[in-house]
Each structure stands twice: as C-alpha cells, then as structure tokens.
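Grab the coordinates and a pencil: here are a few exercises on packing and backbone geometry, each with a worked solution.

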Amino acid sequence: MPVGVFFDGFSSTAEMLETCRAAELAGASSLWFAQHMGYREAMVCATAAASVTQRATLVPTAISPYLWPPLPVAMAISTLGELAEGRVILTVSVGNILNLGESGIAPVKPIRIMRDYVDALRTLWQGKPVAHDGELHKLRGAKMAFAQGRQFPVYIASTGPQMLKLAGEIADGVLLSAGLTLVSTKQCLARAQGGAAAKGRDGVALRKCSLINFHVSRDGAAAKAATLRKLAFLFRSRGHAENIKSSGLDIDHQAIMACHARHDFDAAVRLLPAEAANAFAVAGTPKECRARLERYTASGLDEPIIEVAGNNEERKLALEVVRELARR
C-alpha cells in the first residue's frame with residue numbers, strides 16, 4: 001500500500017533531510033511538507049528534499065491563495081518540477097484561520113477564491129499569457145517563460161463540507177487534516193466523493209489522502225503524551241469543532257482556542273484527556289500503532305501519510321511501519 005511521510009516544520013532542516021532519505025529507503029511513496037506559519041517553509045523544504053531523494057513524490061502542503069499569488073506559486077512548483085521531474089504535487093488550502101488573522105487577513109469567499117486559484121495555476125502552466133479576473137488575484141498577461149505546458153497535480157486540503165465538495169469537483173486529489181477521528185475521516189471522504197459524483201467525475205480517480213498524527217515508542221504512554229501536544233496545536237482552529245464532537249470525549253474546544261489566543265500552549269495541552277491520543281491519532285507501542293493504523297487504512301484512503309517523529313529509536317520504529325505498509 002502506498003504510504004507517505006509528512007513533516008510539520010517543527011524539526012530542524014538537517015533532521016528533516018535525514019528522515020527524507022531514510023523514509024524513501026524504507027519505501028515511502030511521498031514526502032509532504034507542511035506550511036505552518038512561523039515554522040520551516042514548505043517550498044524550500046521540498047526543494048531541499050529533491051536533492052537527497054530519487055523516487056518519492058514531493059508535496060508542499062498546503063499553499064494558501066490568501067498569502068501566495070498564483071504566479072510565484074506556479075514558478076516555484078515548475079522549478080521544483082525541474083529538480084524532481086515527474087514527482088511533484090501541489091496541495092492548496094484556505095489556511096488556518098487563526099494564522100491568517102495574525103497576518104491581518106480575513107479569508108472571504110473561500111470557495112470562489114479556491115476555484116479561481118486552481119484555474120489560474122493550471123492556466124499559467126499552459127505557458128500562454130493569462131488574462132484572469134479572479135475575486136482575489138488578477139492576471140494581466142502574466143505567463144510562464146519555462147516548462148510551458150507541463151501540468152502538475154493539484155490537491156485541495158480541507159475538512160470543510162463545501163471545500164471537500166469542491167475538491168471532488170475540480171481537484172486531482174483531496175488531503176484531509178491530521179487529527180481526525182475515524183468517523184470524521186469517513187465523512188470527509190464521502191463529501192469529496194459526492195462532489196466528484198455531482199460533476200460526473202470518476203470518484204475512484206480522485207486521490208484520497210490523509211495526514212495522520214503518528215508516534216510509536218516502546219514506551220506507549222510517552223508516545224501518547226507527545227501526541228497530545230500535537231493535537232493541542234491542531235485544535236487551535238475552530239475548524240476542528242465537529243471533528244472533536246465526533247470523538248464523544250469531553251473536550252472543551254473553546255477553552256483550548258482561548259489558551260492559544262493568549263499564547264498559553266501548555267494550558268491547551270492540559271485540557272486534552274489521555275484518551276484523545278487514541279481517538280484522533282495513532283500513538284503507542286508498535287503493536288498498538290499497527291492495529292490503530294489498520295483502521296485508518298481501511299476507511300477508504302488511497303494513501304495514509306504519517307509522521308516519523310521522536311528520538312532515534314522511535315523514528316526507526318516508525319520507518320519499520322512504513323516498510324511494512326510499502327511491502328503490501
């Protein structure tokens with residue numbers, strides 16, 4: 001089964017590149033680089049990874065139209081495509097509402113703007129002068145001067161019902177957020193499939209991927225504690241409200257968001273019960289992680305995308321899981 005590895009930008013570039021090499025050797029089919037604001041930059045990381053890998057697909061994830069105009073993004077992806085020919089995908093999304101607000105941006109009309117953005121990128125990659133009168137971005141004859149006619153797959157990352165529907169309608173693939181319950185994962189995939197069906201598209205051809213928070217250790221309790229910190233970071237967004245409800249756990253999401261608003265991250269972590277690591281992620285001993293990951297891979301995903309995190313031993317254990325999946 002294809003299995004990807006994702007990087008959240010929290011670790012050093014040197015560690016990331018070392019893990020890229022090891023993940024590809026273990027059989028990882030793709031490497032995904034998160035664009036978390038204030039952390040390591042996705043395009044730069046993907047480009048650096050191109051120099052230490054030969055086979056794995058490289059995926060900057062996820063570029064927001066509210067922060068990056070289409071022409072510079074088309075240029076960056078085409079440049080990456082020269083370095084890693086045939087193994088580049090672009091993932092786009094609205095972006096985290098909190099982070100956009102910190103940059104003074106209100107993401108208005110997201111569905112229309114995302115549709116415009118994907119269209120502008122694909123038109124630019126055709127290599128002809130582009131006249132594009134989008135809701136957010138305007139192009140007045142801009143064009144690509146190299147790699148003309150080379151198209152790249154575009155995935156849409158979201159958990160919102162309308163954006164998932166749009167992904168099914170226009171995208172080459174859909175990427176789900178990390179931190180989803182199995183219930184939310186299945187609901188999101190069904191919404192994307194529904195969008196494809198509504199447009200008469202082949203739902204099987206729509207690539208269905210999901211980031212999965214993953215932490216494996218001989219010390220299962222330590223792995224779960226580390227995962228709670230990742231979940232507390234993810235749950236800073238109000239977009240996780242329905243997902244959190246689907247867990248059936250008593251979690252005060254408003255309080256978690258309030259902790260982030262006052263930059264008290266440790267307080268946000270303390271608001272998550274220990275059971276959250278099992279409900280929203282794959283964490284624990286190798287045996288526990290294999291069993292939990294099996295449930296995610298059976299939910300309709302074409303490709304699970306996991307973390308390789310922790311100390312040296314924990315990263316080796318995670319890579320062994322990658323190797324096992326890749327051999328199937």
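The exercises below go from the cores to the helix pairs and then to the backbone.

Before you start, note that this is a predicted model, where local features need pLDDT of at least 70, side-chain atom pairs count only at pLDDT 80 or more, and totals for chains, interfaces and linings use all residues. Residues are numbered from 1 along each chain as its sequence is written, and side-chain values use heavy atoms, with hydrogens and water left out.

**Exercise 1. Find the largest nonpolar core and say which helix gives the largest share of it.**

Step 1: get the term straight. A nonpolar core is a set of buried Ala, Val, Leu, Ile, Met, Phe, Trp, Tyr and Cys residues joined through side-chain atoms within 4.5 Å. Buried means under 20% relative accessible area, exposed over 50%, and partly exposed in between (1.4 Å probe, protein chains only).

Step 2: the largest core has 76 residues, and L31, F33, L90, V92, I156 and F214 have the most contacts inside it. Its largest share, seven residues, comes from helix α5 (residues 110-124). Helices (H or I, at least four residues) and strands (E, at least two) are DSSP runs, numbered from the N terminus.

Step 3: there's also a second, separate core of 30 residues, with L211, L234, I244 and A279 among them.

**Exercise 2. Describe how α2 packs on α3, and then how α5 packs on α6.**

Step 1: two packed helices are described by the angle between their axes and the distance between the axes. Axes here are lines fitted to C-alpha atoms, for helices over the stretch in contact, and angles run from 0 to 180 degrees between N-to-C directions.

Step 2: α2 (residues 42-50) meets α3 (residues 70-83) at about 10 degrees, with the axes 9 Å apart. So α2 is roughly parallel to α3 (under 35 degrees; over 145 is roughly antiparallel, 65 to 115 roughly perpendicular, the rest oblique).

Step 3: from α2, M43, A46, T47 and A50 make the contact, and from α3, V73, A76, I77, L80 and L83. Contact means heavy atoms within 4.5 Å.

Step 4: now the other pair. α5 and α6 (residues 161-170) sit at about 25 degrees with axes 10 Å apart, so these two are roughly parallel to each other as well. On the α5 side the contact is made by P110, I111, M114, R115, V118 and R122, and on the α6 side by Q162, M163, L166, E169 and I170.

**Exercise 3. Where is T61, is its side buried or exposed, and what does T61 touch?**

Step 1: T61 is in strand β3 (residues 57-61).

Step 2: with a relative accessible area of 7%, T61 is buried.

Step 3: leaving aside neighbours within four places in sequence, T61 is in contact with W32, F33, A34, Q35, A42, T91 and L175.

**Exercise 4. Pick out the unusual backbone spots.**

Step 1: recall the background. Most residues other than glycine have a negative phi, and most peptide bonds are trans.

Step 2: check omega. T61 and A62 are joined by a cis peptide bond, with omega about -10 degrees. A62 is in the loop between β3 and α3.

Step 3: check phi. K109 has a positive value, near 45 degrees, and is found in the loop between α4 (97-102) and α5. K109 counts as partly exposed, at 45% relative accessibility.

Step 4: A147 has a positive phi too, near 50 degrees, and lies in the loop between β6 (138-142) and β7 (154-157).
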